[in-house]
Amino acid sequence: MSLRILVIGSGGREHALCWRLSQSDLVDNIFVCPGNGGTSQEKKTFNINLPADDLPKLVEFAVQNEINLVVPGPEQPLVDGVEGLFRKVGIPVFGPSRLAARMEGSKAFSKDFMARHSIPTAQFKVFKASQFDEAVNYVKTCQHNVVLKADGLAGGKGVLIPESEEEAIAGLKDILVSNVFGSAGSEVVIEELLIGPEISVLAFSDGYTIVPLPAAQDHKRIGEGDTGPNTGGMGAYAPAPVATPEIMNQIMIETLRPTIDGMRKEGFPFVGMLFTGFMLTSTGPKVLEYNVRFGDPETEALMLLLHKDTDLAAVLLACAEHRLDSVSISIRPGFAVSVILASQGYPGSYPKGKEIQIQDVPSGVVVFHAGTASKNDVILTAGGRVIAVSAFASSIQDAVDLVYKGVDRISFEGKTLRRDIAHRALKSAEQTPGGLTYAQAGVSVDAGNALVDAIKPYVRATRRTGADAEIGGFGGIFDLKATGYTDPILVSGTDGVGTKLRVAVDVGVHDLVGIDLVAMSVNDLLVQGAEPLYFLDYFGCSRLDVDIATQVVKGIAEGCRQANCALIGGETAEMPGMYQEGDYDLAGFAVGAVERHLILPQQDIAAGDILLGVSSSGPHSNGFSLIRKIVSVSGLEYSSPCPWDSTTTLGRALLEPTRIYIKQLLPAAQAGLIKGMSHITGGGFLENIPRVLPKTLGCYVDASKWDLPPVFRFLMAHGKVAPLEMARTFNNGIGMVLIVDPKNLALAVQSLTGSAQVYEIGEVTTSPGVEMRNLQVWS
């Protein structure tokens, strides 16, 4: 097959593509619209004088000149739907459809896509122009530094990195109110500022197969040492040593493959060059952004890395025809470096029309034109980035030395460049290889020690008889004899907080789930009649954030204080790669004691015994998978005002910690006034009350005996949850159910003084199971 290719664009990227495509035996002719002063110098290559943004005229030209492959360079024509226009006339395009190009054309769309497919990226929120106040509130409360990104294409200028809260608010005003980016700023993405080395991964895809090229690193700042304003890129090199084989494999598994599969499954398969920016954080590679075309200046370096046996034209056509697995893509060993020569004044205003002198360059050096024009056989400057000089060599140092020899063979008035391209790789190469450390693996012993020091005061506050509550040893010690028990039975319980943790992380409030963690375990001890004696915690994360962990343990200590048990130890597990950045997991373990004759449930529970309900503080820590789903369809955010309490936000209201019942209920249990107790957790009334009843007995619960709290009415209404489903999922305002003898009812109720209200809600019956009565009052 003979190929007649149309390349759209005028930069160094397009020249590099033409240079490589012209070497293919498959190619007859390459037409470049509009091209530059260097593209037409390549064999088989011709510039055409048509407006690059007049897509119908380009289609007309392609049909008249029997073009059979189109290669768009810049993103704008792809976002504008150039692929569909050529597809309608039967001409394949190496590039994505308009729908797929949204991955670059809309940052909000791409971030939502990443969230749907669990692709690692920074935490984020999207706000419309009408949500300026909400956006400002998010900046003030998100508890991390932020990056502001205008949603649409803004010529590479739509990303702001404020250094203070005031700068962030001013940036939001510029984007959402003053419209400095025009329609591109109709929405703004506010995301967490990520820290680490940045890399670019360009990958061929046909919608099914994806093949990445070596990772590159570019240099955005105009000045050496990465100083001065941002540019379109002042140079690049590849492969970047920081992108180890392990990291590239992780990128393929966690990002590239899920992206291609997800786009295809959602109905907009990606064909073309997927150019993904990554930040290599301490917890692994995270996506900064997607681009849907070749990068510039990365392409000028990467073209030199393709093995001579790799036919770029065959690869591009195979992608367009969805058969990428039928061609081979080989990379030659070595390094390629590209250095940009810019006009004086760039990235600000700059003069044009300066004559360029290009002398013979050394072997291994290729000169790609960018902002140039040819007039009367003289090459003149015609843009900010004028020339890209690229070189290939077997080592990074040799490639850098060679490229700058090429740079020195080119001259024009005002020539501006950086002399430190690839400085990161050179610095890495100069460092003396040494043994790996635990810190290099992502585990900070120093952070762990700092956490221990930070939490010691909170832990000491939980001292009680039997424990001094000092931490730092190999194990916690508890003196059971000192507690005065005569014939004690030890009772243990372990639990977590479930997906309520997700809400805590999203809201940025971490101490309350520490209380939840203790509550879930000690309340389970209480239903056995046991007094909690001591508690141990487990905190797992990918990277230890000492401030967050301290807040969690502060909450755990407060829970222990409320339960009168000692916090005698715990485990903090820092496991790089096991969790997403900012996420963590919790587990707790509690041990209590009860005199043998007071173990609950008692064996004499009988029909006619009374059920007392003790009020909850809210949903406690159960049902949050459903709660999060309901919030997501309600149209509200966690930062929204709480519908039933205008003094707080929805997120804070949902995080109200689980009530700890020890001080209010334990005296009655130790006095023998309670036959049994049921902690109403996941499974609601229907699953939990039968756990304390003899198999031959059941009970009824009368829902009319207490008022359904507003939080549960909100969940019912917005989730359209049926009353019976509520009863089997949530505690519905009753966190603990007690079973008492009718003869002891008055005395029992009198003894249950405390912050929680007590209701008579039902009776034990001879019919196994739980009968819910009067549920209609909840509707």
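**Close-up views of a predicted model**

**View 1. Helix 11 and its surroundings.** The buried residues of helix 11 pack against strand 1, helix 1, strand 2, strand 4, strand 9 (198-206) and strand 15 (271-281). Please keep in mind, here and in every view below, that this is a predicted model. Helix 11 spans residues 312-320 and is mostly covered, with nine of its nine residues buried. If you would like to pick them out by name, they are L312, A313, A314, V315, L316, L317, A318, C319 and A320.

**View 2. The whole chain, for orientation.** Before zooming in further, it helps to step back for a moment. The protein chain has 779 residues, and buried ones make up 55% of them. Its secondary structure comes to 24 helices and 35 strands. Taken along the principal axes, the box filled by the C-alpha atoms is roughly 110 × 55 × 50 Å. Many of the contacts bridge long stretches of sequence: among those between residues at least 6 apart, 75% join residues at least 24 apart.

**View 3. A parallel sheet with strand order 3-2-1-4.** Four strands make up this open sheet, and their pairing is parallel. At its edges are strand 3 (45-47) and strand 4 (69-72), each of which pairs on one side only. On average, and ignoring direction, neighbouring strands here are turned by 20° against each other. To follow one pairing residue by residue, start with strand 2 (residues 27-34), which joins strand 3 in the parallel sense over three bridges. F31 is a good landmark, as its bridge partner in strand 3 is F46. Helix 1 (residues 12-21) lies across strand 1 (3-9), strand 2, strand 3 and strand 4. Relative to strand 1, helix 1 runs at about 165°.

**View 4. Strand 19, covered on both faces.** In a regular strand, side chains alternate between the two faces of the sheet. What lies on each face of strand 19? V365, V367 and H369 sit on one side, V366 and F368 sit on the other, and all are buried. Strand 19 covers residues 365-369, and five of its five residues are buried. Its pairing with strand 22 (residues 385-393) is antiparallel and runs over five bridges. Look for V367 in this view: its bridge partner in strand 22 is V389.

**View 5. Exposed K481 in a loop.** Find K481 in the loop between helix 14 (445-460) and strand 24 (488-495). Is K481 buried or exposed? Its relative accessibility is 77%, so K481 counts as exposed. G466 is 15 residues away from K481 along the chain, and the C-alpha atoms of the two are separated by 7.7 Å.

**View 6. A mixed sheet with strand order 24-27-25-26.** This is an open sheet of four strands, and its pairing is mixed. Strand 24 and strand 26 (566-574) are the edge strands, each pairing on one side only. From one strand to the next, the twist averages 15°. Within the sheet, strand 25 (residues 531-541) pairs with strand 27 (residues 584-595) in the antiparallel sense, over ten bridges. A handy pair to locate is P532 with its bridge partner in strand 27, G592.

**View 7. Helix 16 packed against helix 17.** Two packed helices are described by the angle between their axes and the distance between the axes. For helix 16 (residues 511-526) and helix 17 (residues 546-563), the angle is about 40° and the axes are 6 Å apart. This angle makes helix 16 oblique to helix 17. The crossing of the two is right-handed. On the helix 16 side, the contact uses D511, G514, I515, L517, V518 and V522. These meet Q551, V552, G555, I556, E558, G559, C560, Q562 and A563 of helix 17. Sorted by type, the residues of this contact are eight nonpolar, five polar and two charged.

**View 8. Helix 18 packed against helix 22.** Here helix 18 (residues 624-634) meets helix 22 (residues 710-719) at an angle of about 60°, with their axes 9 Å apart. That angle makes helix 18 oblique to helix 22. Helix 18 passes helix 22 in a left-handed crossing. I627, I630, V633 and S634 come from helix 18, while helix 22 contributes F714, L715, H718 and G719. Of the residues in this contact, five are nonpolar, three are polar and none is charged.

Conventions: Residues numbered from 1 in each chain as written. Predicted model: local features only at pLDDT ≥ 70, side-chain atom pairs only at ≥ 80, totals over all residues. Heavy atoms only, no water. Buried < 20%, exposed > 50% of the residue type's maximum accessible area, 1.4 Å probe, protein only. Pairing = 2+ DSSP bridges. Axes fitted to C-alpha atoms, helices over the stretch in contact; angles between N-to-C directions. Parallel < 35°, antiparallel > 145°, perpendicular 65-115°, else oblique. Left-handed = near helix turned anticlockwise from the far one by under 90°. Contact = heavy atoms within 4.5 Å. Nonpolar A, V, L, I, M, F, W, Y, C, P; charged D, E, K, R; others polar.
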